[in-house]
Amino acid sequence: IWFKIALFLIGALVSFYISQLIVKARLRKQRIQMEKQLAVQLERQRISSEMHDDIGAGLSGIRLMTEVAKAKSKDVQNLSELEKIYNSVGDVSERMREVIWSLNTENDNLENLIDFLRRQSRLVMEHYPGTFHISVPQEIPDTKISGEARRHIYLAVKEALHNIIKHSGADTVDLSISINNKIVISIADNGKGIQLDNKNHTGNGLRNIRMRMEQLKGNFFIDNSKGTKLTLEVPLESNI
């Protein structure tokens, strides 16, 4: 009996020791992963700050000098070239702001994403000769979402809006966003629709949107029944 009790106690101690080793290994692995994530976040924040302070300031300076040169120039051809430079610098500045926004870790939340989508969509559609409506949830859950996911979602929406501007001929465009366990973005217009069998018409735009949704483990649907309706579905759980 004593021998059996001793064997039981030894077995229990060995099991406890092994379980402690497993727990410590898991904790060590989690700590290493957290340290890596923190290092990546700090690096993202550093790059974002440097781009904003250095490159952003430089571009603003170039644009200002171009504007001064335009005011002083009396040559029509020079004015035309300076105008092109001025607009090109503005485009680069806008793209850089988008990159800075995606890199900034302070923006890694759902509320910031939706607010950015709302503001940027209105800017994209500002000069569109039609009616643009946008609908967003009144209450947005306090949910984390990665910078990579934010950038993919924003660029997919931007691509869809540019396609409408270039090809649809619509006079009404509606963008709506809803949230449950996923982000659902619907972009609908009353234009002439998309000829899905015409590769030249669809171009790279729809392929790029589909690829971005695949990167996010999401879905992409096209409804061509009345105008065109694009639906983007992005699961939140896999993109935190």
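**Sheet.** I began with the sheet, an open one of 5 strands in the order 1-2-3-5-4 with mixed pairing, where strands are DSSP E runs of at least two residues, helices are H or I runs of at least four, and both are numbered from the N terminus; two strands pair if DSSP finds at least two bridges between them. The edge strands are strand 1 (131-135) and strand 4 (219-223), each of which pairs on one side only. I noted that the twist averages 10° from one strand to the next, with axes taken as lines fitted to C-alpha atoms (for helices over the stretch in contact) and angles running from 0 to 180 degrees between N-to-C directions.

**Source of the model.** This is a predicted model, in which local features need pLDDT of at least 70 and side-chain atom pairs count only at pLDDT 80 or more, while totals for chains, interfaces and linings use all residues. Residues are numbered from 1 along each chain as its sequence is written, and side-chain values use heavy atoms, with hydrogens and water left out.

**Strands 4 and 5.** I then looked up the pairing of strand 4 with strand 5 (residues 228-235), and found that they run antiparallel and are joined by 5 bridges. Within this pairing, Asp-223 stands opposite Lys-229 in strand 5.

**Helices on the sheet.** Helix 3 packs on the sheet and touches strand 1, strand 2 (172-179) and strand 3 (182-189), its direction making about 175° with that of strand 1; contact here means heavy atoms within 4.5 Å. Helix 4 (residues 147-168) also packs on the sheet, touching strands 1, 2, 3 and 5, and its direction makes about 10° with that of strand 3.

**Helix 2 against helix 3.** I found these two helices packed at an angle of about 170°, with their axes 12 Å apart, which means that helix 2 is roughly antiparallel to helix 3 (angles over 145 degrees count as such, under 35 as roughly parallel, 65 to 115 as roughly perpendicular and the rest as oblique). Glu-94, Glu-98 and Trp-101 in helix 2 meet Asn-112, Leu-113, Phe-116 and Gln-120 in helix 3.

**Asn-104.** I placed Asn-104 in the loop between helix 2 (76-103) and helix 3 (110-124). Asn-104 is buried, with a relative accessible area of 15% (buried is under 20%, exposed over 50%, partly exposed in between, with a 1.4 Å probe and protein chains only). Leaving aside neighbours within four places in sequence, Asn-104 is in contact with Arg-44, Gln-45, Ser-48 and Arg-150.

**Helix 6.** The buried residues of helix 6 (residues 205-215) are Gly-205, Leu-206, Ile-209 and Met-213.
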